[in-house]
Amino acid sequence: MRLSVIAAAIAATTLLSACSEQPATNSQEQKPTAAQSSPAKEVAQENLFLRPSPLQYMAPEFDKITMDMYEPAFAAGIEEQKIEIDALAKNPGRPSFENTLVAMEESGEILKRVRAAFNNLSGLISNEEYQRIEAKMAPIMAEHRDNIYLNKDLFDRVAAIYKEKDKLSKEDQRLTEYYYKQFVRAGANLDADQKQRMREINAELSKLSTQFSQNVLKSFKEDTILVTDEAQLAGLGADEIASLKAAAEKAGKEGYLITLVNTTRQPILSSLENRELREKVWRASAMRAQQTNGPIAIKEAQLRAEKAQLLGFESWAHYQLDDRMAKTPGAVFTMLDDLAPKAVAKAKKEAEMIQAAIEKDGKDFELQPWDWAYYGAKVRAEMFDIDASLVKPYFEMNTVINDGLFFAMNKLYGITMKERNDIPTYHEDVFVWEVFNEDGSSVGLFYLDPYAREGKRGGAWMSSYVGQNHLEGTKPVIYNAQNIPKPAEGQPTLMTFSEVTTMFHEFGHAIHGLFSDVKYPSLAGTATARDFVEFPSQANEDWNIEPSVLANYAKHYQTGEPIPQELLEKLLKSHTFNQGFDTTEYLAAALLDMEWHSIAPGTQIEDVAQFEKAALERHGIDYYPVPPRYKTCYFSHIFAGGYSAGYYAYLWTEVFAADAFAHMQNEGGLTRKNGDHYRKEVLSRGNSRDLMQSYVEFRGQQPTTDALLKRRGLVDGDDK
């Protein structure tokens, strides 16, 4: 689940809801439209963002949105919310929860609508115009956020409510604490000069993060490898070669076009026999955006360190973690450094097997990063006798979705999915479903955007167009995005097992948003601490290997025959193979993130590559054959998203996920009893109560690392 640049710039406002919906199937009353406000009257009335969408649950009217609507709507939305915030800040009445905090939750309706559409679509169908608007709006939105959170009169009202919060209900207390902390962390207690410097830093950071993001998008388009001789593609299947040829044709080129995915590791390397081409692909991946994003990363890290110092923190990592479950950088470094030697040791054992495979192949070179995936696949095939080309036909996308993912979710939660071809989408490849509870009541809408394409950022993520909340009565409109290579016309989409796992992972985020049952938008759905939000997604991953689920969806796309038991057993046994590599590359990226954001204010950094090498050496994880999952210059999570000093969260929350799944297995596995209990205590709660309390209410105790170590294959099944 990943934030866009503008979303990150104003995330602290967390005004995630939209106006009450107006679907034919919903009887909720509609509020006066934003077009009735004076700022909106200055904008053409046909601008869709000036009113709630008439579609069910206010799903965006994608078929009617035009680029010329965004800037006027942003301007009207900012002006509307400015008027609302000024009015409540200057309210002569005694500060109350209702006239201050609830009023803040309800403010900015136009801005919520345009922001939701633009922030999401700019990562899904980006073009030069989206990038121009994004670059223009980023500092404007940062200033707008500062105008709210550095408003002394408004903070005085919030502080007055905070002092008497014990008189409020538990959920109202939670919202009060949330807002008070947001103001303080934004700099509300700073003096005038410090506030001015804070504004300057925020404006500069918003520009830099936008530039970083756009440079990565540009890299996806420009850092490609064109192969003119099909013989160099030996090892690829006919469908993969056809897909590369189609990509080249679409780009107006002759030959076969290899494009990069977001991580350092490129999936195509596991199949390419040509070592020279493998190296070329790997270097294009590992060295991308160095000239453009290297200086930006350094400047961002330095500005964040200065910002943290202004707020009284030793480093940006100290500032970020003060508001998260981990609390201190020391706790994160302890966890990462404890696992690093175990991971590297296992990676080196894997490397010995891979080097032996190289020699068995009659080659005399030393293992390099571009060789790992190719010869690792050979080792996997030899150890488990698995041919990837024989596995993929059992994972056809539509079958995975309907008979795998949706089947498992029905067993756990009783939900059913009805495809909605009547709801417009922004691209022909997007699917839409309405989600229903067992009693027939509607949960919300779910969109799936599965395929890679130009203009779509890399990776996989979840976000929302409309968030759930009871304050305004909105239901969730959620989407998942992946980057599965689209097959040639008329061919089936055959998925790797990794892509299947990612699909289950992202739907774990989706149900976190869909099942939200919270009053206030700022506390609803996935609006939790960064080191909790990945827990529901990772907890959902393991259902794809639950025997009854696998039996229902792992079927040959042509014959309908189930995957042979022998092949299935080999696939499952191979599940922990290469975990030394996987864990090491992840830990290296997480440690890079922490090192970048632990620098002291004023630290001078001349060279990104030298900084990376020194940081990895300090933690004993500078193992050349296994580079970080993300190198600095395309580490969008931390330099263009919301994960700065937070990439560790994937491992932190995996502790929760592995522990939770093991617990449910002990309690009967894939049952409604388990699903309903988990939905009630975790998925429905959002951030409306202490997050550890939610876990303990579900599990009965805090998590341990035992299940994680087994899940990653870092210990034997009987070890502790």
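Helices (H or I, at least four residues) and strands (E, at least two) are DSSP runs, numbered from the N terminus. The structure is a predicted model, in which local features need pLDDT of at least 70, side-chain atom pairs count only at pLDDT 80 or more, and totals for chains, interfaces and linings use all residues. Residues are numbered from 1 along each chain as its sequence is written, and side-chain values use heavy atoms, with hydrogens and water left out.

A good place to start is L321, which is found in helix 13 (residues 316-321). L321 has a relative accessible area of 0% and therefore counts as buried (under 20% relative accessible area, with a 1.4 Å probe and protein chains only). Beyond its neighbours within four places in sequence, L321 is in contact (heavy atoms within 4.5 Å) with A326, K327, T328, P329, V332, M594, A645 and Y648. Between the C-alpha atoms of L321 and G646 the separation is 7.9 Å, although 325 residues part them along the chain.

The next topic is empty space. A cavity is a set of points, on a 1 Å grid over the protein atoms alone, where a 1.4 Å probe fits but cannot get out; lining residues have an atom within 4 Å of a point. Grid points are joined across faces, edges and corners, and a volume is the space filled by probe spheres set on the points. Two cavities of 30 Å³ or more are present, and the largest holds about 170 Å³. Its lining has 15 residues, of which F49, S53, M58, P60 and R113 are the closest to the centre. Helix 5 (109-124) and strand 6 (461-466) each give two or more residues to this lining, and helix 5 gives the most, with three.

Conventions: 1 Å grid on protein atoms, 1.4 Å probe; cavity = no way out; pocket = protein on both sides within 12 Å on 5 of 7 lines; lining within 4 Å. Buried < 20%, exposed > 50% of the residue type's maximum accessible area, 1.4 Å probe, protein only.
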